[in-house]
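Trainee: Could you walk me through this one? I'd like to learn how to read it.

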Amino acid sequence: MARLVMKFGGTSVANIDRIRNSARHVKREFDAGNEIAVVVSAMSGKTNELVGWCKEIAPFYDHAEYDVVVASGEQVTSGLMALALQELGMPARSWQGWQIPIYGSEAHGSSRIEGVDGAGILAGYDRNREIAVCSGFQGLHAQSHRIVTLGRGGSDTSAVALAAGLKADRCDIYTDVDGVYTTDPRVVPKARRMDKVSFEEMLEMASLGSKVLQVRSVEIAMVHRVPTYVRSSFDDPDNPNPGTLICDEDDIVEQQIVTGIAFSRDEAQITLRRVADKPGVAAAIFGPLADANINVDMIIQVVSDDQATTDITFTVPTADYERAKTLLESRHDTIAYQALQGATDVVKISAIGVGMRSHAGVAARAFRALSEKGINIRAITTSEIKFSVLIDAAYTELAVRTLHSLYGLDAA
Ligand code: ADP
Ligand code: ASP
Ligand code: MG
């Protein structure tokens, strides 16, 4: 007997048939004698619809009320899933985030889980092995007693946090692909499924744009050492595949130099032309952006010809692009740049692999391969186990495929 958390994403609960099929996966595990908590997302497309309604009624909406609206998608599926399980003869009860409770910080719309109280769910296991069907994506802010949500894709994080809180033996993330691939299989048909991927690499892949798992879920899995699988709910419930295990680097025998390619379209580029080349200028630009909670990622400062002025280029999340521009324009007098230029039709492509720690020249090969395809690199960043390049969005697929082949990741 084991204790399991089984999470079903949007496409796995997209309609009544899909919910029934996902319930059959739960039945398999229940019949094997396991104690189970199910975590569900909203039906696919539902959260987008709810977000759209908030924006329509109030462009500068109150974030606490946004959370009330968007959390409702998961409430519907938790009830429907509990009914589906009951129909298959299992004891099941739905739980909203505030009922469990899953405690989250007050940051409405991007709350961080601060604690999970599993007592009520554990009591259900002792009573009659009752399956707890939990709404993902939502929690309770203890002091204000308001509903909070965890950011887009947050049900993954609910599932892993619940697994840690319940001391589960395993967390299974059921989705519409049968595991983690070397890159998004929708973009590169030759992408390969991995049997295992290390926590560190998965963390980088997720934060660099592979939306198969929310970044925070990987962080929690890594810190609490939760064995987490990504697997398909579209498999035959009676004959499923194990999927991809996210695990310690030491548990992976065959290490590649590059294990995955990620890409993110959520980047925008800002260039400040001819800012004064003197101490304090970087602080004058990036200080206010940080104060406004705008995350700056890639930064390039050009060596100036005239020793007096320089160009500074950097990237911000697309969602913060307009805010960043407005902020910098309002500080034109202090920063004293000649022109502000921006671009949103850019993409960040990244290669990830723990093998980069011990191999030199990995990124240089990419620069050459991209130039041979006529792809211009606008910005570069590197760190211990990854490097990223910023390029024109029109070349996304070509660049991802080029790097995927270059590092020997294509399926035979
Ligand atoms: P869910 O609704 O189940 O949470 P998501 O759409 O959030 O599903 O995540 C699954 C999707 O992630 C896949 O359909 C796939 O297109 C995308 N994806 C991006 N990168 C990868 C990758 N490296 N491996 C697998 N899937 C990936
Ligand atoms: N329903 C939420 C979203 O679409 C959370 C999730 O699916 O993980 O972002
Ligand atoms: Mg998801």
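Mentor: Sure, let's start with R20: it is partly exposed, with a relative accessible area of 45%. Buried would mean under 20% and exposed over 50%, with partly exposed in between (1.4 Å probe, protein chains only). Keep in mind that this is a predicted model, where local features need pLDDT of at least 70, side-chain atom pairs need 80 or more, and totals for chains, interfaces and linings use all residues. Residues are numbered from 1 along each chain, chains are lettered from A and ligands numbered from 1 as written, and side-chain values use heavy atoms, without hydrogens or water.

Trainee: Which side chain meets R20 in a salt bridge?

Mentor: Look along helix α1, where R20 has a partner three residues away, about one turn of the helix. (Helices, H or I of at least four residues, and strands, E of at least two, are DSSP runs numbered from the N terminus.) That partner is exposed, because its relative accessible area is 55%. The salt bridge (Lys or Arg side-chain nitrogen within 4 Å of an Asp or Glu carboxyl oxygen) spans 3.6 Å, N to O, and joins R20 to D17.

Trainee: How many residues apart are R170 and E29?

Mentor: Their side chains also meet in a salt bridge, at 3.5 Å from N to O. R170 sits in strand β9 and E29 in helix α1, so don't expect sequence neighbours: the pair links distant parts of the chain, 141 residues apart.

Trainee: Is E29 buried or exposed?

Mentor: Check both partners of that salt bridge. R170 counts as partly exposed because its relative accessibility is 23%. E29 has a relative accessibility of 10%, so it counts as buried.

Trainee: Which residues are linked in a network of salt bridges?

Mentor: The pair R170 and E29 is part of it. The whole structure has 24 salt bridges, and this network links R28, E29, R170, D172 and R231.

Trainee: And what is the relative accessibility of K348?

Mentor: K348 meets E267 in a salt bridge of 3.3 Å, N to O. K348 is in strand β18 (residues 346-352) and E267 in strand β14 (residues 267-276), so the pair ties together parts 81 residues apart in sequence. E267 counts as buried because its relative accessibility is 8%. K348 is buried too, as its value is 5%.

Trainee: Where is F8 found?

Mentor: At 0% relative accessibility, F8 counts as buried. Its contacts (heavy atoms within 4.5 Å), leaving aside neighbours within four places in sequence, include S22, H25 and Y174. As for its place, F8 is in strand β1.
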